[in-house]
Amino acid sequence: MKIRAADKSELMQVSKIERKGNDLVLKGKVYGTMPMTATLTPDEAKNFLRLLTPKLALFLLTLPFRKSKD
């Protein structure tokens, strides 16, 4: 999975997602070269959920089934 900036440049390539205790751990490379491990804690996940609106939640559920505009 690749996370891109607004200008379509690659910010991070996620190669693995795993659970470590109560945290979600993402492993990959930043800018294609620098290894990185990012951790999402339960508190940060709650903060993420506070940002969601019903319309955005519906969009996220349908996102995997949409076509890219590449």
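1. In this predicted model, the pairing between S3 and S4 can be followed through Lys-27, whose bridge partner in S4 is Thr-37. The two strands pair in the antiparallel sense, and seven bridges join them. Lys-27 deserves a second look for its side chain as well, since the residue is partly exposed, with a relative accessible area of 31%, and takes part in a salt bridge discussed under point 6.

2. The connection between S3 and S4 is a hairpin with three residues between the strands, and Tyr-31 in that turn has a positive phi of about 55°. Tyr-31 is not a glycine, and a colleague inspecting the backbone may therefore wish to know how much of the residue is covered: Tyr-31, placed in the loop between S3 and S4, is exposed, because its relative accessible area of 57% is over the 50% cut-off.

3. The pairing between S2 and S3 is also antiparallel, with strand S2 spanning residues 10-20, strand S3 spanning residues 23-30, and eight bridges joining them. Two of the pairs give the register: Lys-20 has Asp-23 as its bridge partner in S3, while Val-14 has Gly-28. These strands form a hairpin with two residues between them, and in the turn Gly-21 carries a positive phi of about 65°.

4. Taken as a whole, the sheet is open and has four strands in the order S1-S2-S3-S4, with antiparallel pairing. Strand S1 (2-4) and strand S4 (34-40) are the edge strands, and each has a single partner, so that one side of each is left without a neighbour in the sheet. From one strand to the next, the twist averages 30°. In general terms, strands of a sheet pair through backbone hydrogen bonds, in either a parallel or an antiparallel sense.

5. Which residues does Met-12 contact, once its neighbours within four places in sequence are left aside? They are Met-1, Lys-2, Ile-3, Gly-28, Lys-29, Val-30 and Met-36. Met-12 lies in strand S2 and counts as buried, because its relative accessibility of 9% is under the 20% cut-off. For the contact partner Gly-28, the C-alpha atom is separated from that of Met-12 by 6.9 Å, although the two residues are 16 apart along the chain. Gly-28 is also the bridge partner of Val-14, and the surroundings of Met-12 can thus be read together with the pairing described under point 3.

6. A search of the whole structure finds four salt bridges, of which three are described here. Lys-16, Glu-18 and Lys-27 are linked in a network, in which Glu-18 meets Lys-16 with the closest N and O atoms 3.4 Å apart and meets Lys-27 with the closest N and O atoms 3.2 Å apart. Each member of the network can be placed by its accessibility: Lys-16 is partly exposed at 45%, Glu-18 is partly exposed at 25%, and Lys-27 is partly exposed at 31%. Side chains of opposite charge can pair when their charged atoms come close.

7. Another salt bridge is formed by the side chains of Lys-2 and Glu-10, with an N to O distance of 3.6 Å. Lys-2 is partly exposed, with a relative accessible area of 44%, and Glu-10, at 21% relative accessibility, also counts as partly exposed. Lys-2 is in addition one of the residues in contact with Met-12.

8. On the surface, a nonpolar patch is formed by Met-1, Ile-3, Leu-11, Ile-17, Leu-24, Tyr-31, Met-34 and Leu-40, which together have about 760 Å² of accessible area. S2 and S4 each supply at least two residues of the patch. Ile-3, another of the patch residues, lies in strand S1 and is partly exposed, with a relative accessible area of 37%; Ile-3 is also in contact with the buried Met-12. Tyr-31, already noted for its positive phi, belongs to the patch too.

9. A final point for backbone inspection concerns Lys-8, which has a positive phi of about 75° although it is not a glycine. Lys-8 is placed in the loop between S1 and S2, and is Lys-8 buried or exposed? At 56% relative accessibility, Lys-8 counts as exposed.

Terms used: Residues are numbered from 1 along each chain as its sequence is written. This is a predicted model: local features need pLDDT of at least 70, side-chain atom pairs count only at pLDDT 80 or more; totals for chains, interfaces and linings use all residues. Side-chain values use heavy atoms; hydrogens and water are left out. Two strands pair if DSSP finds at least two bridges between them. Axes are lines fitted to C-alpha atoms, for helices over the stretch in contact, and angles run from 0 to 180 degrees between N-to-C directions. Buried means under 20% relative accessible area, exposed over 50%, partly exposed in between (1.4 Å probe, protein chains only). Contact means heavy atoms within 4.5 Å. Patches are made of residues with over 30% relative accessible area and no salt bridge: like charges are joined within 9 Å, nonpolar side chains (Val, Leu, Ile, Met, Phe, Trp, Tyr) within 5 Å. Accessible areas come from the Shrake-Rupley method with a 1.4 Å probe; for residues, only the protein chains shown count as cover.
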